[in-house]
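This explanation walks through one protein structure, starting with its main sheet and ending with two single residues. Keep the sequence and the 3D view at hand while reading.

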Amino acid sequence: MKIICIGRNYHEHISELNNERPEEPVVFMKPDSSVLLKTFPFVIPEFTNEVHHEIELVVKINKVGKYISPKFAHKYYDEIGIGIDFTARDIQAKLKAKGLPWEIAKSFDGATVVGDFMKKEAISDLNQISFHLTKDGETVQKGNSSQMMWTIDELIAYVSQYFTLKIGDLIFTGTPAGVGKVESGQLLEGFLEEKKMFSINIL
């Protein structure tokens, strides 16, 4: 299983981190060892003092594909979910300042939460998918697929130029504005179309 992540896909998130607006999707990878096992808490690593939550729509690939046309991309997934791309922001900032890759800030053990999935037929409009994250019951991040710079189908087509997509691969489609620090003792819950898809305790 590959975990393919898209960065800077929401205008407001680009602004809140003072990043440059990309002309093409920003792509990075996470190893499967970064996936937090279901029912496990997220333990803040000792090597960072600032882990941020980043909730994202997640697409699960259901057939092998390469050089996929955008008009056929919808045939390569039938489930959509949400997840969290936990980011050691302090480490990422240091690496970015030096022009270095920042995988260790996003790909450490437990840094990837994969929630439940729902059939895309259960979603009335794939261009208007709403999702949000709560922290101790308070909404801290809220997004809608209509806000994405590149749609799900466009992202599938784009990444398939470089990577052969295989059954079970996951594409994290980017995070909306509202990223923030997590603290020990907090509870994070993710919702897709108002349905709870995951619940994570922070230790």
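The model is predicted. A good place to start is an open sheet of six strands, in the order β2-β1-β10-β4-β5-β7 and with mixed pairing. Its edge strands are β2 (26-30) and β7, each of which pairs on one side only. On average, and ignoring direction, neighbouring strands of this sheet are turned by 30 degrees against each other. Strands of a sheet can pair in either a parallel or an antiparallel way, through backbone hydrogen bonds.

At one end of that order, β5 (residues 77-85) and β7 run antiparallel and are joined by six bridges. One pair to look for is Gly81 with its bridge partner Phe117 in β7. Helix α3 packs on the sheet, where it touches β1 (3-7), β2, β4 (55-61), β5 and β10 (170-172). The direction of α3 makes about 90 degrees with that of β5.

Next come two hairpins. In one, β8 and β9 run antiparallel and are joined by six bridges. Ser130 has Asn144 in β9 as its bridge partner. Two residues lie between β8 and β9, and Asp136 in the turn has a positive phi of about 55 degrees.

In the other hairpin, β12 (residues 187-192) pairs with β13 in the antiparallel sense, over six bridges. Phe191 stands opposite Lys196 in β13. Here too there are two residues between the strands, and Glu193 takes a positive phi near 55 degrees.

Strand β13 also leads to the largest pocket, which holds about 170 Å³ of space. Such empty space is found by rolling a probe the size of a water molecule over the atoms. Fifteen residues line the largest pocket, and the closest to its centre are Lys38, Thr39, Phe198, Ser199 and Ile200. β7 and β13 (195-201) each supply at least two residues of the lining. β13 gives the most, with five residues.

Helix α2 (residues 89-97) is a further element to find. Its residues Arg89, Asp90, Ile91, Gln92 and Leu95 are buried. In an α-helix, residues three or four places apart point the same way, because there are 3.6 residues a turn. The buried residues of α2 pack against β3 (51-53) and β6 (87-88). After α2 comes Gly99, with a positive phi near 70 degrees.

Two serines in loops complete the tour. Ser145 is in the loop between β9 (138-144) and α3 (152-159), while Ser124 lies in the loop between β7 (112-119) and β8 (130-135). Which of them is buried, and which exposed? Ser145 counts as buried because its relative accessible area is 8%, under the 20% cut-off. Ser124 counts as exposed because its relative accessible area is 77%, over the cut-off of 50%.

What is Ser145 in contact with, leaving aside its neighbours within four places in sequence? The residues are Leu57, Leu126, Asn127, Gln128 and Ile129. With Gln128 there is also a polar approach: the backbone nitrogen of Gln128 lies 3.2 Å from a polar atom of the Ser145 side chain. As for Ser124, its C-alpha is 26 Å in space from that of Leu165, and the two residues are 41 residues apart in sequence.

Technical notes: Residues numbered from 1 in each chain as written. Predicted model: local features only at pLDDT ≥ 70, side-chain atom pairs only at ≥ 80, totals over all residues. Heavy atoms only, no water. Helix = DSSP H or I, 4+ residues; strand = E, 2+ residues; numbered from the N terminus. Buried < 20%, exposed > 50% of the residue type's maximum accessible area, 1.4 Å probe, protein only. Polar contact = N/O pair within 3.5 Å; in protein donor to acceptor, adjacent residues only side chain to side chain. Contact = heavy atoms within 4.5 Å. Pairing = 2+ DSSP bridges. Axes fitted to C-alpha atoms, helices over the stretch in contact; angles between N-to-C directions. 1 Å grid on protein atoms, 1.4 Å probe; cavity = no way out; pocket = protein on both sides within 12 Å on 5 of 7 lines; lining within 4 Å. Points joined across faces, edges and corners; volume = space filled by probe spheres on them.
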